[in-house]
Amino acid sequence: LKAIGTLLPPPPPPGTPGPFALSAPGVMEQLLSKAGLTPGPPTDVDTPFDFTNEDAAYRGFASSGPGIRALREAGANKVRAALLSALAPFKTKSGTYHLDNKFRFIIVRP
């Protein structure tokens, strides 16, 4: 996201929540409770991103919401260069790309 962010219009004003604001402990649970739901415990799950080659890695990130916006703002050549530069540390000896990620989910009851 940092690589894509450099290609987007100026960032929002200071103090505006970032893209991972809901990941802070208790934030999502509080929002769910305010919505009248009963949240269960949050669970983090390992979610690796594995791409077979450079083109697959590029398409995977360029097709995200921020990626599409960056494509519209800066064009495919700049987005591709920024993404591939940011992805370089994740390239394996075999030419694939591997990124370790975690996603959080919460099961709720009405």
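**Figure 1. Four aromatic pairs are counted in this predicted model.** In the pair made by F49 and F51, the ring centres are 6.3 Å apart and the planes meet at 80 degrees, so this pair is edge-to-face. Two things describe any pair of aromatic rings: how far apart the centres are, and the angle between the planes. The label edge-to-face fits here because 80 degrees is over the cut-off of 60 degrees. How exposed are these two residues? F49 has a relative accessible area of 25%, which makes F49 partly exposed, since that class runs between 20% and 50%. F51 has a relative accessibility of 16% and therefore counts as buried, the cut-off being under 20%.

**Figure 2. A second view follows F51 to its pairing with F61.** The ring centres of F51 and F61 are 5.7 Å apart and their planes lie at 55 degrees, so this pair is tilted. This pair links distant parts of the chain: F51 belongs to strand 3 (residues 49–51) and F61 to helix 3, with their positions 10 residues apart in the numbering. Are F51 and F61 buried or exposed? Both F51 and F61 are buried. Stepping back a little, one aromatic cluster is formed by F49, F51, F61 and F103.

**Figure 3. The surroundings of F61, a residue of helix 3.** Which residues does F61 touch, leaving aside those up to four places away in sequence? The contacts of F61 are I4, F49, F51, G67, L83, L87 and L99, with that same exclusion. Look also for R80: F61 and R80 are 19 residues apart in sequence, and their C-alpha atoms are 9.5 Å apart in space.

**Figure 4. Helix 5 (76–87) and its buried residues.** This helix has 12 residues, and from its first C-alpha to its last it reaches 16 Å, close to the 16 Å expected at 1.5 Å a residue. In an α-helix there are 3.6 residues a turn, so residues three or four places apart point the same way. The buried residues of helix 5 are V79, A82, L83, L84 and L87. What do they pack against? Their partners are helix 1, helix 3, helix 4 and strand 4 (97–99).

**Figure 5. The largest pocket has a volume of about 830 Å³.** A probe the size of a water molecule, rolled over the atoms, shows where empty space is left. The lining of the largest pocket consists of 26 residues, and those nearest its centre are L1, F20, F49, N101 and F103. Helix 1 (2–5), helix 3 (54–62), helix 5 (76–87) and strand 5 (102–105) each give at least two residues to this lining. Which element gives the largest share? Strand 5 does, with four residues. Sorted by class, the lining of the largest pocket holds 17 nonpolar, four polar and five charged residues.

**Figure 6. The second largest pocket holds about 340 Å³ of space.** It is lined by 15 residues, and L1, G5, L8, P12 and P19 are the closest to its centre. If L1 looks familiar, that residue is also among those nearest the centre of the largest pocket. Helix 1 and helix 4 (65–74) each provide at least two residues of the lining of the second largest pocket. The largest share, three residues, comes from helix 1. How do the lining residues of the second largest pocket divide by class? There are 10 nonpolar, three polar and two charged residues.

**Figure 7. P41 sits in the loop between strand 1 (38–39) and strand 2 (43–46).** Is P41 buried or exposed? With 64% relative accessibility, P41 counts as exposed, because exposed means over 50%. P41 still has neighbours: F105 and I106 touch P41, when residues up to four places away in sequence are not counted. G26 is another residue to find in this view, as P41 and G26 are 15 residues apart in sequence and 9.9 Å apart in space, C-alpha to C-alpha.

**Figure 8. T92 lies in the loop between helix 5 and strand 4.** T92 counts as partly exposed, at 29% relative accessibility, because this value falls between the 20% and 50% cut-offs. How far is T92 from E73? Along the chain, T92 and E73 are 19 residues apart, and 31 Å separates their C-alpha atoms.

Terms used. Residues are numbered from 1 along each chain as its sequence is written. This is a predicted model: local features need pLDDT of at least 70, side-chain atom pairs count only at pLDDT 80 or more; totals for chains, interfaces and linings use all residues. Side-chain values use heavy atoms; hydrogens and water are left out. On a 1 Å grid over the protein atoms alone, a cavity is a set of points where a 1.4 Å probe fits but cannot get out, and a pocket is an open set with protein on both sides within 12 Å along at least five of seven lines; lining residues have an atom within 4 Å of a point. Grid points are joined across faces, edges and corners, and a volume is the space filled by probe spheres set on the points. Ala, Val, Leu, Ile, Met, Phe, Trp, Tyr, Cys and Pro count as nonpolar, Asp, Glu, Lys and Arg as charged, and the others, Gly among them, as polar. The expected span of a helix is 1.5 Å times one less than its number of residues. Buried means under 20% relative accessible area, exposed over 50%, partly exposed in between (1.4 Å probe, protein chains only). Contact means heavy atoms within 4.5 Å. Rings of Phe, Tyr and Trp (its six-membered ring) pair if their centres lie within 6.5 Å; planes under 30 degrees apart count as stacked, over 60 as edge-to-face and the rest as tilted.
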